[in-house]
Amino acid sequence: MAKIKAQPELMWKRTYSKIDFELIHDDAVHYLESHHFTGKELLYCDPPYLRRVRRKHYPIFKYEYTMEQHEKLLEVIKALPCMVMISGYESALYGKSLKGWHTHSFQAATHHGMATEWIWMNYPPPVGLHDYRYLGDNFRERERITKRTKNWVARLKKMPVLERNALLSAMSSLNEMN
Ligand SMILES: C[S@@+](CC[C@H](N)C(=O)[O-])C[C@H]1O[C@@H](n2cnc3c(N)ncnc32)[C@H](O)[C@@H]1O
C-alpha cells in the first residue's frame, strides 16, 4: 500500500505553555507511528469518512482518505497500547477490522441532514462520567435524566440528615460493586 509521506512543510508543532496544550500539524499515521505511547493515553481519531459509505461521494474535506489510508490507520491504532476511540460510519472495513471493539451509534447532524455515526472503542464503556450533563442519547433523554436527578436531590434534601446519610452510604457501596 502507498505510504503516506508527511510533507515537512505541513508539519509543525505549537506549544501553548499556559494551557498545557500542544497543537501538531502532521499526517496522523506519521504522528502515531513516531509518538511514544505509554499506555495511559486516550486517543480519539476522527478521520475523513469512507467515501463509499457516505451519502455524497464527492470530497468534503481538503484532505480525504483513500481506502488504503483507512486500512493503515486501523492497523496502526490496533497496535497501540493505550485507550483508543475512533468515529465514522458503519462499514464492512471498520466492522471487520475492529471486531471485538465496543461500539455505540448515535444520530448526528451532517452537511446532508442527520446520519448515524458510530464510535468504536478498544476499552469497556465507562461506568462513571466526568460530566453528566451530556448523559442521554438525545435532548428528551437528557431532559428526563436532569429532571429525575433534581427530584431525587430534592427528596434527599427533605430527609432527616442521618436517614439521608444512611441512604447515601448504601448507594456508594452499590457503586463500589460496579
Ligand atoms: C471528519 S474530519 C474531523 C473533523 C474534526 N474532528 C473537527 O471537529 O474539526 C476529518 C479531518 O481529517 C483531516 N485529515 C485528512 N487527512 C489527514 C491526515 N493524513 N492526517 C491527519 N488529518 C487528516 C481532514 O482535513 C479533516 O479535517
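Guide: Welcome! Let's begin with one definition: two strands pair if DSSP finds at least two bridges between them. Keep in mind that the structure above is a predicted model.

Visitor: Thanks! How many helices and strands are there in the chain?

Guide: The chain has five helices and six strands. Following the sequence, they come in the pattern β-β-α-β-α-β-α-β-β-α-α.

Visitor: And how do I read a sheet? What is the order of the strands in the open sheet?

Guide: The general idea is that strands of a sheet pair through backbone hydrogen bonds, either parallel or antiparallel. Here, four strands make an open sheet with the order E3-E4-E6-E5, and its pairing is mixed. At the edges are strand E3 (42-45) and E5, each of which pairs on one side only. From one strand to the next, the twist averages 20°.

Visitor: How many bridges join strand E5 to E6?

Guide: Nine bridges link E5 (residues 102-110) with E6, and the two strands run antiparallel. They form a hairpin, with two residues between the strands. You can follow the pairing residue by residue: Thr-110 faces Gly-113 in E6, while Gln-107 is opposite Thr-116 in E6.

Visitor: Over how many bridges do E4 and strand E6 pair?

Guide: E4 and E6 (residues 113-121) are joined by four bridges, again in the antiparallel sense. Try finding Met-85 in the view, since it helps to have a landmark: Met-85 stands opposite Met-121 in E6.

Visitor: Which strands does helix H2 lie across?

Guide: Helix H2 (residues 67-78) lies across E3 and E4, and runs at about 160° to E4.

Visitor: Now the helices at the end of the pattern. At what angle do helix H4 and helix H5 pack?

Guide: H4 (residues 139-158) and H5 (residues 161-176) pack at about 135°, and their axes are 9 Å apart. An angle over 145 degrees would count as roughly antiparallel, and 65 to 115 as roughly perpendicular. This pair fits neither range, so H4 and H5 are oblique to each other.

Visitor: Which residues in H4 meet H5?

Guide: From H4 come Trp-152, Leu-156 and Lys-157, and they meet Arg-164, Leu-167, Leu-168 and Met-171 in H5. Sorted by class, this contact has five nonpolar residues, two charged ones and no polar ones.

Visitor: Let me zoom in on one of them. Is Leu-156 buried or exposed?

Guide: A residue counts as buried when its relative accessible area is under 20%. Leu-156 has 16%, so it is buried. This residue lies in helix H4. Leaving aside residues up to four places away in sequence, Leu-156 touches Arg-164, Leu-167 and Leu-168. Leu-156 and Leu-168 are twelve residues apart in sequence, and their C-alpha atoms are 9.1 Å apart in space.

Visitor: What about a residue outside a helix? Where is Ser-91 found?

Guide: Ser-91 sits in the loop between strand E4 (83-88) and helix H3 (92-97). With a relative accessible area of 8%, Ser-91 is buried. Its side chain reaches the backbone nitrogen of Tyr-94 at 3.1 Å.

Visitor: To finish, what percentage of the residues in the chain is buried?

Guide: Of the 178 residues in the chain, 25% are buried. One last number concerns contacts between residues at least 6 apart in sequence: 47% of them join residues at least 24 apart.

Technical notes:
Residues numbered from 1 in each chain as written. Predicted model: local features only at pLDDT ≥ 70, side-chain atom pairs only at ≥ 80, totals over all residues. Heavy atoms only, no water. Axes fitted to C-alpha atoms, helices over the stretch in contact; angles between N-to-C directions. Parallel < 35°, antiparallel > 145°, perpendicular 65-115°, else oblique. Contact = heavy atoms within 4.5 Å. Nonpolar A, V, L, I, M, F, W, Y, C, P; charged D, E, K, R; others polar. Buried < 20%, exposed > 50% of the residue type's maximum accessible area, 1.4 Å probe, protein only. Polar contact = N/O pair within 3.5 Å; in protein donor to acceptor, adjacent residues only side chain to side chain.
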